[in-house]
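Okay, thanks everyone for squeezing in. I'll put one structure up and talk about a pocket, a sheet and a cysteine, so have a look at this.

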Amino acid sequence: IIQGEDGSWDDTDVLNPSIIKKDGIYYNYYSGFDGTVWRTGVATSEDGINWVKSSNNPVLDLSKDGWDSNYIAANGSAIMIEDKVYYYYQGGENPCSIGLAVSEDGITFKKYGEPILTPSEKWDINGVADPYVIEHNGNYYMYYLGVDKFNIQRLGVALSSDGVNWNKYKSNPIMDVGTVGAFDENGLGEPSIIYIYPNFYMLYTGRDKEEYRNIGAAVSRDGVNWKKLNYDGIFSLEDNTWDNSVMCDTTFLEKEKGIYYVYYGGGNIPEPAQNLNGKIGMFVISTTTVDHFDVMSDWAEIGMNSTEVLKGSYDIETLSDGSKFAWVEANSSIELKNIPDTTQIEIKGFMPLDIHQKAGINRVELKVLVDGKEVQSFSYEKDCEVIILLEKQEVLSDKEEEYITIEFQATSYVNQFERGIANDNRNLSWRVNSIYLK
């Protein structure tokens, strides 16, 4: 969707997109390479697909003097903070650091005089780079690449309350290179992160031993402890395409509810840094909203994980008689598509008070919220079925929303392993069989 122009400042490589929305317009900050110097440019769009490069490009260049006067890789991350564009970028050499430039109009930037994140630990002593910044619950998280003295690349995170002053997470690095033969055995970097309750999701670039680059995925509940989801990259690098050797540098844009545009850099030459014939492409991720949750459904067949549909649940289990259920934690939720002809919300499950009683808890309260408003509450003092029927017209506002968010808040959960009851380390509260709009 974006490529370099012959004889221009970005004619060799165009990579590292980062997208924000400002005053109804999408701004795409990207890195351009002319064969000698990297710089940052911007393109704008009304739809996120068709882009027009700014006549003011490049908007970020080498400083005349100072820490980033000899090298600026751009490779940055843009985010809106207090109606201003904060652009985090990497610059300087031996070692590389991360700087910050701020703009009120999205075009004219003023740099901070010194880096805002520098090498300081054993694992990142040879450079910090590839920043990606998100806001979550009033704090800012910067995910970044660190390089050690052996040039091994890993990922870390730093935290900030203002987007300027950063503290590295004490247990960095948060993600290591892959095992021998994995797509990321030679290094990993360029993370991009979104939060979709209750998880953080990451896409990142992995490098194999021949410098082919692909995209990996990982998931986290707290933003710092991550689990990789694949041994190979998520795409097959196909012959005779513009991105058959390199897919990297992802960035997320939520285009509409449940629909994410993912922009990435790609090329057909497997080089470690530049001269890739780099261009920018896009693919789409859909977090599909369903109209029911039924443990008897074949979730694999519809291409979804049951735990992604019912947030706060665990994988579906099957009993010897063939019946199924899903354990949930104390707090769980589901987003259902609001079908106009339906009149009821039906929830069925089971409250196993026996496991709570083994932990010394004799009563469990369960609240049901619809679109953030408490609509029902229940009290359980023995093992019993959970059957909840809600009249949709009564629990919803007058406005017919396209989606309905149903939340469950229980007063108790039991970790049987921690309490010495059983060898089960999950936080179990109650069991769900089905949730339907009827």
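Quick bit of vocabulary before the pocket: by a pocket I mean an open set of grid points with protein on both sides within 12 Å along at least five of seven lines, and its volume is the space filled by probe spheres set on those points. And keep in mind that this is a predicted model.

So, the pocket I want to show you is the second largest, at about 690 Å³. Its lining takes in 33 residues, and if you zoom in on the centre, the ones lying nearest are Y71, Q90, A129, L145 and A273. Which elements give two or more residues to that lining? Those are β1, β5, β9, β10, β13 and β14. As for chemistry, the lining splits into 13 nonpolar residues, 13 polar ones and seven charged.

Now, hang on to β9 and β10, the runs 128–136 and 139–147. They sit in a four-stranded open sheet, ordered β9-β10-β11-β12, with antiparallel pairing. β9 is an edge strand there, pairing on one side only, and the other edge is β12, at 167–168. Between β9 and β10 you can count seven antiparallel bridges. If you want a spot to look at, find I134: across from it in β10 stands Y141.

Last thing, the cysteines. How many disulfides does the structure hold? Zero. Take C96: the nearest cysteine sulfur belongs to C248, and that's 16 Å away. Is C96 buried or exposed? It's buried, with a relative accessible area of 13%, and the cut-off for buried is under 20%.

Conventions:
Residues numbered from 1 in each chain as written. Predicted model: local features only at pLDDT ≥ 70, side-chain atom pairs only at ≥ 80, totals over all residues. Heavy atoms only, no water. 1 Å grid on protein atoms, 1.4 Å probe; cavity = no way out; pocket = protein on both sides within 12 Å on 5 of 7 lines; lining within 4 Å. Nonpolar A, V, L, I, M, F, W, Y, C, P; charged D, E, K, R; others polar. Pairing = 2+ DSSP bridges. Disulfide = S-S within 2.5 Å. Buried < 20%, exposed > 50% of the residue type's maximum accessible area, 1.4 Å probe, protein only.
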